[in-house]
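Me: I am new to this structure and would like to learn how to read it feature by feature. Could you take me through it slowly?

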Amino acid sequence: DSHTQYERVGADVTMKCGSMEWDAAVTWTANGTDIDESHLNGSYLILKNVDLSQSGQYSCYEGSSWHLKYQTYLKVGMPPKEPVLTCRSNNYPKGFYCSWHLPTPTYIPNTFNISVIHGTKDMVCEKDAVPKNRCHIRYLQLFSTVKYKVTLTVTNALGKNYTAVTFDEFAIVKPDPPESVVAKPVPNNPRRLEVSWQNPSSWPDPESFPLKFFLRYRPLILDQWQHVELSDGTSHTITDAYAGKEYIIQVAAKDNDIGTWSDWSVAVHATPWTEEPKHLTTEAQITETTSASTSSFMAPPTTKICDKGAVVGSGAVAVCWTAGLVVAAYSVLFI
Amino acid sequence: MAAADSPSAALRRRDLCSRGIRLAGKMRADVVDLLDAYVERQGLDASASVAAVEGVPLAAVERWDEQTGTQRLLENLAAYRAFRALLAQMLDEQREQLGEADAGLGRALAAVLLQVSAFAYHLEELLRLESRGIPGEEEDGPPPPPRLSIFEQKLRGLGVLRELAQWAVRSARDLRQLAKPSPATGAAPGLAESP
């Protein structure tokens, strides 16, 4: 006869050859390979301190006839640790979902059982086809102060474990990040970037349950983010970008009244508009371009280029010697 | 066309709804602050479960999205009238218990009571706009509740404030539903219709 046997990692396992007597002559195989007699105690197979690699099919044959007397599939694994359970509503006010996973694998099949109670009322959490470790619940009531309690039990052949979370309706509301974030330069505006986005498609009714947004942006060359909170609308114009610097921009969303902020959206990159450099063929034109370039290359407010004493010229095109050399070299690159 | 559907009425409704939403938002923020202060000053556990208390209108509602505009307004009005009486009672009890020792809590309670009264009036304005009769308040009021111990009074107060915070969120949602234009005419939906 053949069956499956589950054993814990590190356990000592004794396998009997079916109904054969202890002193019967037998041969054991593991996955078709003979097992050395040193592992036998009479006709019993002894496996000490089993590990995962010893999972497999074990067969016992009568000594002389090689009749198969016993067969088992040994699966070495672990009892489940306390599962990790999270519940969230990304489609308020329709409902919420709970998802779970084990912190460490068991290496053997597990069964999960979830129960949801709202006050004293049992609710059904419908399992999702994909992913398998998730189920969803439709809200039957809104605006309730009564808490929900979700209990998850995980069971396998070697043991069971469970966890529970308790929360109220508002606390788990967390939208998905905004979608289709787009950032574009604004023509003829070297310090502006126009950012737009859309409500997450999973949020069912943004008109009745409006979202507010948080936008963060920084030039790639700096670590510090600028933040802007926006109570309505799905666009914003950044007006203090550093000219010519590439920016990284992200947006997050939150219900206007309840819950927590979404994760940040996918990051988008954009560089403010800069004036096109003119093509040069003569030295005079190089000089001309140098002057024109400085008018569009605006230093960040806190950046110091040179000492006032080294400044040549005046007005909007005042430039110091060192900056002039730098800019000239920069301009030459565009020829 | 009924007066309630005239363009000026629609504008007035939208204006009242917008102001009501802002009032509800401010009220909720103040109630949440008051809740924190109340829990601390009354020596309560913020996570304590409080059973539904008789006379405290529950914000919880089934099939919220199927409610008509009239239902929303009437339920809101009944709730805030009840909260007006409950908060007045809490104020009296708080003065009896703590007297002048905690004038700050008393002032915060009184401020929220004022907002609740204002919101109730705001709801009456919306009902008047729809030419709906405003339900009268019971002349004699509900029968006086049985005398509670001080601890029971504190727990009831916790329940009142928690439920009021929920109502403030619900009211903002209700008013947004009311302010939605009708898909057919572009005007706000008649309150007798399902939104």
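Me: Where is the place of A:Leu52 in chain A?

Reply: Some conventions come first: this is a predicted model, in which local features need pLDDT of at least 70 and side-chain atom pairs count only at pLDDT 80 or more, while totals for chains, interfaces and linings use all residues. Residues are numbered from 1 along each chain as its sequence is written, chains are lettered from A and ligands numbered from 1 in the order in which they are written, and side-chain values use heavy atoms, with hydrogens and water left out. Helices (H or I, at least four residues) and strands (E, at least two) are DSSP runs, numbered from the N terminus. In these terms, A:Leu52 has its place in the loop between β6 (44-47) and β7 (56-62) of chain A.

Me: Which nonpolar surface patch does A:Leu52 help to make?

Reply: Patches are made of residues with over 30% relative accessible area and no salt bridge, where like charges are joined within 9 Å and nonpolar side chains (Val, Leu, Ile, Met, Phe, Trp, Tyr) within 5 Å. A salt bridge is a side-chain nitrogen of Lys or Arg within 4 Å of a carboxyl oxygen of Asp or Glu, and accessible areas come from the Shrake-Rupley method with a 1.4 Å probe, only the protein chains shown counting as cover for residues. Here A:Val9, A:Leu52, A:Met78 and A:Tyr107 make a nonpolar surface patch of about 330 Å².

Me: Is A:Leu52 buried, partly exposed or exposed?

Reply: Buried means under 20% relative accessible area, exposed over 50%, and partly exposed in between. With a relative accessible area of 35%, A:Leu52 is partly exposed.

Me: How many bridges join β16 of chain A to β17 of chain A?

Reply: Two strands pair if DSSP finds at least two bridges between them. Nine bridges join β16 (residues 148-156) to β17 (residues 159-167) of chain A, and these strands run antiparallel. A hairpin through two residues connects β16(A) with β17(A), and A:Thr151 stands opposite A:Ala164 in β17(A).

Me: In what order do the strands β18, β19 and β22 of chain A form their open sheet?

Reply: The order of this open sheet of three strands in chain A is β18-β19-β22, with antiparallel pairing. Its edge strands are β18 (179-186) and β22 (235-238) of chain A, each of which pairs on one side only. Within the sheet, β19 (residues 189-198) of chain A pairs with β22(A) over four bridges in the antiparallel sense, and A:Val195 stands opposite A:His236 in β22(A).

Me: Which peptide bond leading to A:Pro93 is cis?

Reply: The bond from A:Tyr92 to A:Pro93 is cis, with omega near 10°, and A:Pro93 is found in the loop between β9 (84-88) and β10 (95-101) of chain A. Another cis bond runs from A:Val130 to A:Pro131, with omega near -5°.

Me: What does chain B have in the way of helices and strands?

Reply: Chain B has four helices and one strand, which run α-β-α-α-α from the N terminus on. For its helix α4 (residues 150-179), the expected span is 1.5 Å times one less than its number of residues, so the 30 residues should span 44 Å, which agrees with end C-alpha atoms 43 Å apart. Because 24 of the 30 residues of α4(B) are buried, this helix is largely enclosed by the rest of the structure.

Terms used. Buried means under 20% relative accessible area, exposed over 50%, partly exposed in between (1.4 Å probe, protein chains only).
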